[in-house]
Amino acid sequence: MAVPTEIGTTPIAPNIDDGQHIIISAGGLLPDRLFSDPKIPVTWTNLTDQTEQVIFEYLPVTSPPIPPGGSFSWTSPSSQSIAYRTASGLHGVDTVNPPFD
């Protein structure tokens with residue numbers, strides 16, 4: 001499986017990054033804080049060797065089990081801050097920015 005990138009070949013930063021991709025890795029989430037755009041799917045890709053699941057903290061959203069090499073996408077309908085965790089205990093935040101007109 002190819003490692004997701006942002007804007008062509010730019011690697012996803014480990015701590016804070018703009019974009020629409022989050023990597024679940026054995027070392028943690030990349031990035032652990034994402035700034036994304038509304039109405040465009042955010043995709044979590046599982047690059048670990050175990051099945052994972054994404055669970056939103058304050059919204060009724062839980063991904064199906066994500067096998068190694070698999071992914072889960074979700075689209076925010078509006079600007080909001082989304083705290084989430086994985087089944088293995090990793091924690092992250094997706095800040096969905098307001099659109100620029």
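**Entry 1: a hairpin as the starting point**

I began with strand 8 and strand 9 (residues 91–96), which run antiparallel and are joined by six bridges. I take strands as DSSP runs of E with at least two residues, numbered from the N terminus, and I count two strands as paired if DSSP finds at least two bridges between them. Within this pairing, I looked up Ile82 and found its bridge partner in strand 9 to be Asp94. The hairpin of strand 8 and strand 9 has four residues between the strands, and Gly89 takes a positive phi near 100° there.

**Entry 2: what kind of model this is**

I note that this is a predicted model, in which local features need pLDDT of at least 70 and side-chain atom pairs count only at pLDDT 80 or more, while totals for chains, interfaces and linings use all residues. Residues are numbered from 1 along each chain as its sequence is written, and side-chain values use heavy atoms, with hydrogens and water left out.

**Entry 3: the chain as a whole**

I recorded zero helices and nine strands for the protein chain. The pattern along the sequence is accordingly written β-β-β-β-β-β-β-β-β. The radius of gyration is 13 Å, close to the 13 Å that the globule rule gives for 101 residues, so the protein chain is as compact as a globular protein of that length. I use the radius over C-alpha atoms, and the rule is 2.2 Å times the number of residues to the power 0.38.

The C-alpha trace spans about 40 × 35 × 20 Å along its principal axes. I also noted an accessible surface of about 5,500 Å² for the protein chain, with 58% of it belonging to carbon and sulfur atoms; these areas come from the Shrake-Rupley method with a 1.4 Å probe. Of the 101 residues, 41% are buried, where buried means under 20% relative accessible area, exposed over 50%, and partly exposed in between (1.4 Å probe, protein chains only). Among contacts with a separation of 6 or more, 40% come from residues 24 or more positions apart; contact means heavy atoms within 4.5 Å.

**Entry 4: the five-stranded sheet**

I then placed the hairpin in its sheet. Five strands form an open sheet in the order 1-4-9-8-6, with mixed pairing. Its edge strands are strand 1 (16–18) and strand 6 (54–56), each of which pairs on one side only. Neighbouring strands here are turned by 25° against each other on average, direction ignored; the axes are lines fitted to C-alpha atoms, and angles run from 0 to 180 degrees between N-to-C directions.

At one edge, strand 1 runs parallel to strand 4 (residues 33–36) and is joined to it by three bridges. In this pairing, Asp17 stands opposite Leu34 in strand 4. At the other edge, strand 6 and strand 8 run antiparallel with three bridges, and Val54 stands opposite Thr86 in strand 8.

I looked more closely at Ser36, which is found in strand 4. Ser36 counts as buried, at 1% relative accessibility. Beyond its neighbours within four places in sequence, the contacts of Ser36 include Gly19, Val42 and Asp94.

**Entry 5: the four-stranded sheet**

A further open sheet has four strands in the order 3-2-5-7, again with mixed pairing. Strand 3 (28–30) and strand 7 (71–74) are the edge strands, each pairing on one side only. The average turn between neighbouring strands of this sheet is 20°, direction ignored. Strand 2 (residues 21–25) pairs with strand 3 in the antiparallel sense over three bridges, and Ser25 has Gly28 in strand 3 as its bridge partner.

**Entry 6: aromatic rings**

I searched the whole structure and found four aromatic pairs. Rings of Phe, Tyr and Trp (its six-membered ring) pair if their centres lie within 6.5 Å; planes under 30 degrees apart count as stacked, over 60 as edge-to-face and the rest as tilted.

The rings of Trp44 and Tyr84 have centres 5.4 Å apart and planes at 85°, so this pair is edge-to-face. Trp44 lies in strand 5 (residues 42–46) and Tyr84 in strand 8 (residues 80–86), 40 residues apart. Both Trp44 and Tyr84 are buried.

Phe56 and Trp74 have ring centres 4.9 Å apart and planes at 80°, so this pair is edge-to-face too. Phe56 is in strand 6 and Trp74 in strand 7, so the pair ties together parts that are 18 residues apart in sequence. Phe56 is buried at a relative accessible area of 4%, and Trp74 counts as buried at 17%.

I close with the cluster: Trp44, Phe56, Phe72, Trp74 and Tyr84 form one aromatic cluster.
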